[in-house]
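Me: Got a minute to go through this one with me? I'd like to start with a helix pair.

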Amino acid sequence: MIGCSASIAAMAGSRITSFGFSPNESGEIFVYVFLRGGCDGLNLVGPVNDPSYIAERPPELRLTDSDDGQGLRLDNGFNGLDFRLHPKAPELKELYDQQALAIIHAAGLTNGTRSHFDAQDLIERGSVNNKNLPEGWFTRYLDSIPSIDTSMMFPSVAVSSTVPASFLGSSSTLAIQNIGDYKLRGDAKLQQVLQNIYNGQNLIDKTAAEALRSIKYINDHLEKDENGKVSPYIPASNASYPDNSLARSLKTLAPSGKISDAINGAFGSFDKFKEELTKAAMGRFGSGWAWLVSHEWKLKIGSTANQDNPMMDSSELKGTPLLGIDVWEHAYYLKYQNKRNEYVANWFNTINWDEAAKRLS
Amino acid sequence: MSMIEFFENLLPEESKGKTLSPPSNKVIALNRMSYGCTKEMINQVNSTGLNAYIESQLHPSNDEGQKINDKINSATLHIKYESKDDSYPALDEDRPLGLWNASIEKLWPLADRKTPMAGPERSRPLEELRIIAWIRAVYSPWQLQETLVEFWHNHFNVNASADLKISVMLPVYDRDVIRKNCMGNFRQFLEDVATSTAMQYYLDNSSSKASPANENYARELFELHTLGADNYFNSLYNRWREVPGATSGKPIGYIDEDVYEAARAFTGWTIADGANVGKGKNLPNTGTFYYNDGWHDNYQKRVLGVEFDPNQPPLADGKKVLDLVAYHPATANHICKKLCRWYISDNPPDNVVKGATAVWIKNQKNQNQIKETMRFILQSKEFNFTWGQKVKRPFELVASMLRTTQCDFTPAASLTGMLSQMGYFHFQWPTPTGHPDKKEYWLSSSSMLARWNLALHLLTNHNNKLTNFQCRSLMPPEIQSSSQIAAFWIDQLLQKPISPEFLNQMTQYLANNKKTSDALSPEEIDKRVPSLVALLTMTPDFQIK
């Protein structure tokens with residue numbers, strides 16, 4: 001941090017934010033750590049035998065291939081240069097040797113601003129010159145992943161009291177400081193009234209609705225002991241986290257990543273809906289129908305035998321049919337023979353949602 | 001139609017896309033000029049008119065009223081630490097406040113690490129100042145002044161955690177820099193900031209010597225305190241003649257060269273902290289501003305297209321830079337826009353910004369420059385004609401809860417952590433930018449939850465040590481049924497027309513399965529009304545302004 005001001009050095013310690021989300025069904029987690037302030041990239045990873053590097057940098061700001069400042073040698077040095085890691089980063093060297101670390105060097109702004117704050121704003125927005133862009137680079141990235149249905153689950157979590165600029169414009173990013181304490185005090189009715197009141201289209205309505213929805217889901221999916229108390233998170237393989245702000249952020253993040261897997265399968269997600277309806281269709285023995293019906297503003301899934309339907313007084317499942325899947329053998333035998341599961345799976349691709357919506361109203 | 005839209009359509013019809021109705025223009029104005037409009041303020045404006053109220057707020061007296069004096073005199077702050085060897089004994093007590101208004105002579109020694117002293121003794125000035133800020137926000141009759149003080153603290157941000165010297169001298173910064181100038185003259189303000197102990201350490205000018213000068217203060221002076229980054233021509237770097245207007249001595253913005261040259265102008269501006277300055281000499285150790293000629297770069301300079309001759313008298317170079325930036329039209333625009341954003345809307349109306357800028361420039365030598373500018377903004381038509389564009393800042397939100405509910409309030413250090421959960425770092429924002437003044441910053445799932453939980457904590461948790469909410473003491477005796485009580489508290493807190501559905505929801509919540517026309521017993525009132533009041537402060541109608 002030589003050459004940085006005191007305030008910048010303090011920022012790197014106190015303003016670290018990290019995020020994670022599960023971008024696909026295999027549950028991979030992406031963690032993004034943005035070190036605010038400064039990191040002298042050419043003192044962390046430097047081409048020690050490059051004549052310009054040697055000429056331009058004073059010895060105390062330069063890695064060498066000998067003596068005290070001797071860097072840790074990295075294989076596959078770019079362009080025949082001897083790139084080395086700072087000697088105080090042996091952990092990174094270990095990851096690099098395991099091929100678990102890639103270094104993309106000297107990536108940054110083409111804009112030569114020397115304003116720290118403008119530079120951070122631009123990086124977080126992934127913009128060359130618009131520091132006021134109302135959209136972060138991460139938001140654009142999330143939007144570009146087709147397998148993420150951002151309205152039905154919580155693909156991203158920021159370990160912070162506020163949403164970082166990289167997530168600006170993302171309605172699906174949760175800011176969570178302490179996942180074990182992510183709940184609303186007060187009685188259950190209060191939560192209901194808030195839900196009724198925060199129903200507009202303003203930013204505050206959307207944020208509040210998202211908060212209420214996520215509070216419920218997260219608390220439904222947190223592991224609890226027999227007294228209903230949230231169990232403390234025990235890191236896998238008894239990993240121990242150091243006591244500093246970066247480690248604390250990462251520790252908060254770890255269980256939230258695991259929860260996001262559970263949330264993917266929770267009520268409200270398309271997967272769950274699919275699963276329930278598939279279960280109903282597969283579970284109907286012999287001939288009949290599986291249904292999505294609406295009954296008193298609630299959606300229900302169920303099945304009926306033979307020619308029965310949910311509008312009949314005699315039917316156990318009652319409501320207005322929105323979607324129906326015919327599981328009489330004649331409906332699928334020509335194409336799928338006896339493979340009802342394949343038929344049901346492919347049936348989901350043929351749904352006319354407009355028609356379903358019309359039936360609802 | 002997508003699946004998402006399909007599911008969204010499941011919502012009952014009547015709950016879709018409700019818009020909030022604004023309060024009266026009077027209430028909008030009073031909320032923006034204060035930490036929460038109270039019935040008392042409305043009554044005052046009803047009798048004197050809004051303009052007279054604005055005028056009185058623009059002329060605060062040093063007398064902050066008996067209420068504040070009582071609160072400050074009776075306030076204590078807990079202090080606790082372990083003993084250390086022979087240096088000091090363990091301590092655990094509630095101690096009255098004695099440092100928030102202390103002299104420099106009394107505060108400065110707390111920053112001396114050579115004197116053995118427990119950490120909590122050193123952080124006492126900061127902790128006390130926070131308590132005082134709360135008391136003033138909630139109880140001061142000079143509400144506009146308090147909101148301006150917060151604005152300027154944010155504009156000229158220093159971080160108390162960056163350096164112990166900043167922390168112990170923060171009461172001086174608050175009193176002799178921010179409060180002294182909050183309605184005064186900007187040029188004077190700027191010099192008081194530049195020479196303050198807090199800013200000198202925060203932006204490292206105290207250690208800046210000729211060649212190479214430390215550019216931190218100079219850069220933020222241009223980028224944040226005066227012209228603003230929108231007027232930074234970074235691509236021109238050192239080609240000063242290419243900045244529009246430069247060759248006629250009126251460049252419309254600044255370049256890096258201006259920053260470097262200004263940094264040279266401020267070399268030697270430091271704090272007398274007893275440092276060894278060579279040849280067996282030490283600076284005095286007073287903690288106050290000191291000009292050390294031996295550190296000054298006295299050769300010629302050029303800032304904003306203006307040439308500085310070499311070998312100027314002491315302080316002249318720095319003062320000339322302050323003149324140039326303080327009187328620059330871009331500064332007028334930058335600060336007036338920030339003021340309008342603070343007081344009106346996240347996207348302030350152009351014509352008010354323009355008008356305020358003109359007033360600012362016209363009064364640049366006037367001792368009441370900021371006051372004149374504020375008068376223009378507060379009297380502009382747009383000041384109270386729009387509503388709902390801003391979310392209350394966390395500090396403001398809490399103060400407005402306490403003001404409208406007339407809670408008995410005993411501030412304590414625990415409030416600082418609660419504020420930080422909502423994204424507000426009281427005197428501790430890490431970077432020189434200050435907190436962002438935009439709702440996108442304040443609104444997140446986590447901070448929304450913190451906003452709600454804090455309301456429940458302060459108003460319904462009887463074991464909390466911060467507030468004592470006696471809801472029945474405010475209610476006239478004839479108000480007894482759930483529907484009457486709900487209407488009373490809605491008026492007390494929101495002071496605006498509400499929809500029948502809203503009233504119904506609140507009444508039902510309060511009645512809790514009883515008939516809404518039935519009278520509630522005193523026990524039921526004590527049990528249910530605090531939750532209703534908390535709920536009202538949790539609604540969007542209370543959270544925005």
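Me: Which residues of α19(B) meet α22(B)?
Reply: L397(B), V398(B), M401(B) and T405(B) in α19(B) meet R451(B), L454(B), A455(B), L458(B) and L459(B) in α22(B). Contact here is C-beta atoms, placed from the backbone, within 7 Å, and helices are DSSP runs of H or I with at least four residues, numbered from the N terminus. This is a predicted model, where local features need pLDDT of at least 70, side-chain atom pairs count only at pLDDT 80 or more, and totals for chains, interfaces and linings use all residues. Residues are numbered from 1 along each chain as its sequence is written, with chains lettered from A and ligands numbered from 1 in the order in which they are written.

Me: How many nonpolar residues in the contact of α19(B) with α22(B)?
Reply: By class, 7 nonpolar, plus 1 polar and 1 charged. Nonpolar means Ala, Val, Leu, Ile, Met, Phe, Trp, Tyr, Cys and Pro; charged means Asp, Glu, Lys and Arg; the others, Gly among them, are polar.

Me: And at what angle do α19 and α22 of chain B pack?
Reply: About 35 degrees, with the axes 11 Å apart; α19 covers residues 394–405 and α22 covers 445–460. Axes are lines fitted to C-alpha atoms, for helices over the stretch in contact, and angles run from 0 to 180 degrees between N-to-C directions.

Me: What about chain B as a whole, how many helices and strands?
Reply: 27 helices and 8 strands, a strand being a DSSP run of E with at least two residues.

Me: What's the radius of gyration of chain B?
Reply: 26 Å, which agrees with the value near 24 Å for a compact globule of 545 residues. That's taken over C-alpha atoms, and the globule rule is 2.2 Å times the number of residues to the power 0.38. The C-alpha box along the principal axes is roughly 85 × 65 × 55 Å.

Me: Any backbone oddities? Where is the cis peptide bond?
Reply: Between S211(B) and P212(B), with omega about -10 degrees. P212(B) sits in the loop between α12 (197–202) and α13 (216–225) of chain B. Over in chain A, Q99(A) isn't a glycine but has a positive phi of about 60 degrees; its loop runs between α4 (90–97) and α5 (116–125).

Me: What pLDDT does chain A average?
Reply: 75, with 74% of the residues at or above 70; pLDDT is the predictor's confidence in each residue, from 0 to 100. Residues 1–26 of chain A are below 50, though the model gives that stretch 84 contacts beyond near neighbours in sequence.

Notes. Two residues are in contact if their C-beta atoms, placed from the backbone, lie within 7 Å.
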